[in-house]
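Good morning, and thank you for making time for this. I would ask you to keep the sequence and the structure in view while I speak.

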Amino acid sequence: MTHIKVNVDGTTYEDDVEPRLLLAHHLRDRLGLTGTPIGCDTSNCGACTVDLDGATVKSCSVLAVQADGGEVTTIQGLARDGEWTALQRAFHERHGLQCGYCTPGMIMAARDLLRENPHPTSDEVRQALEGNLCRCTGYQNIVRAVLAAADGENSPGRAEAGQGAASGQQVTEEATA
């Protein structure tokens, strides 16, 4: 057993773990943070994507001992005081999910994209999310949700007022194309 200390979503956890334990299993089975789904255990689907020390990683391809001393942010750590982020609201309001299994990984990967590129094109969104698989949406609404969040369309009061921005119009044009 190896002793680790990891900050997850703002809470520090100390635990003794098997050196071969995957971070995904540590989060779900040891810490009870089940918002990070395990889709494949082979890093193909991206459902288990989390942030580790500011870098987006697939938690099924990282050992828990590799997170020792680090900071992990999961989908469960994004909302503050019960308020969803603009990206989470956009996924909800733009129907960027169906079954929802891929949604945590999609949001975490999209969050990473928007940190690096706050105003991506739809092609840049698609490229950034290519490591995350969705079996039921066809990706159109996922791309629309990311673009809406980038434009701030889902900030409180803005979406209700019907205010849009350039790529929001681009999304509408794509929908009719």
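I begin with helix α5, residues 140-151, in what is a predicted model. This helix has twelve residues and reaches 17 Å from its first C-alpha to its last, close to the 16 Å expected at 1.5 Å a residue. Most of α5 is covered, with ten of its twelve residues buried. They are Ile142, Val143, Arg144, Ala145, Val146, Leu147, Ala148, Ala149, Ala150 and Asp151. Just after the helix comes glycine 152, which takes a positive phi of about 75°.

What does α5 meet in helix α3? From α3, which spans residues 103-116, the contact involves Met106, Ala110, Leu113 and Leu114. Their partners in α5 are Ile142, Val146, Ala149 and Ala150. By class, this contact of α3 with α5 has eight nonpolar residues, no polar ones and no charged ones. On the geometry, the two axes come within 11 Å and cross at roughly 40°. The helices α3 and α5 are therefore oblique to each other, and their crossing is right-handed. As a general reminder, an α-helix has 3.6 residues a turn, so residues three or four places apart point the same way.

I turn now to helix α2, residues 86-93, where Leu87, Gln88, Arg89, Ala90 and Phe91 are buried. Against which helices do the buried residues of α2 pack? They pack against α3 and α5. For the pairing with α3, Leu87, Gln88 and Phe91 in α2 meet Thr103, Met106, Ile107, Ala110, Arg111 and Leu114 in α3. Here the contact has six nonpolar, two polar and one charged residues. The axes of α2 and α3 come within 10 Å and cross at roughly 130°. These two helices are therefore oblique to each other, and the crossing of α2 and α3 is right-handed. Met106, Ala110 and Leu114 of α3 appear in the contact with α5 and also in the contact with α2. Just after α2, histidine 95 takes a positive phi of about 55°.

Two individual residues deserve attention. The first is cysteine 60, placed in the loop between β4 (55-58) and β5 (71-73). Is cysteine 60 buried or exposed? With a relative accessible area of 6%, cysteine 60 is under the 20% cut-off and therefore counts as buried. Leaving out residues up to four places away in sequence, cysteine 60 touches Leu22, Ala24, Asp41, Thr42, Ser43 and Cys48. The C-alpha atoms of cysteine 60 and asparagine 44 are separated by 9.5 Å, and these residues are 16 residues apart along the chain.

The second is threonine 73, which lies in strand β5. Threonine 73 is buried as well, with a relative accessible area of 16%. Apart from neighbours within four places in sequence, threonine 73 is in contact with Asp9, Val50, Asp51, Leu78, Met108 and Arg111. Arg111, in this list, is also one of the α3 residues that meet α2.

Finally, the chain as a whole. Its secondary structure comes to seven helices and five strands. From the N terminus on, the elements run β-β-α-β-β-β-α-α-α-α-α-α. Of the 177 residues in the protein chain, 44% are buried. Among contacts between residues at least 6 apart in sequence, 55% join residues at least 24 apart.

Note on methods
Residues are numbered from 1 along each chain as its sequence is written. This is a predicted model: local features need pLDDT of at least 70, side-chain atom pairs count only at pLDDT 80 or more; totals for chains, interfaces and linings use all residues. Side-chain values use heavy atoms; hydrogens and water are left out. Helices (H or I, at least four residues) and strands (E, at least two) are DSSP runs, numbered from the N terminus. The expected span of a helix is 1.5 Å times one less than its number of residues. Buried means under 20% relative accessible area, exposed over 50%, partly exposed in between (1.4 Å probe, protein chains only). Axes are lines fitted to C-alpha atoms, for helices over the stretch in contact, and angles run from 0 to 180 degrees between N-to-C directions. Angles under 35 degrees count as roughly parallel, over 145 as roughly antiparallel, 65 to 115 as roughly perpendicular and the rest as oblique. A crossing is left-handed if the near helix is turned anticlockwise from the far one by less than a right angle, and right-handed if clockwise. Contact means heavy atoms within 4.5 Å. Ala, Val, Leu, Ile, Met, Phe, Trp, Tyr, Cys and Pro count as nonpolar, Asp, Glu, Lys and Arg as charged, and the others, Gly among them, as polar.
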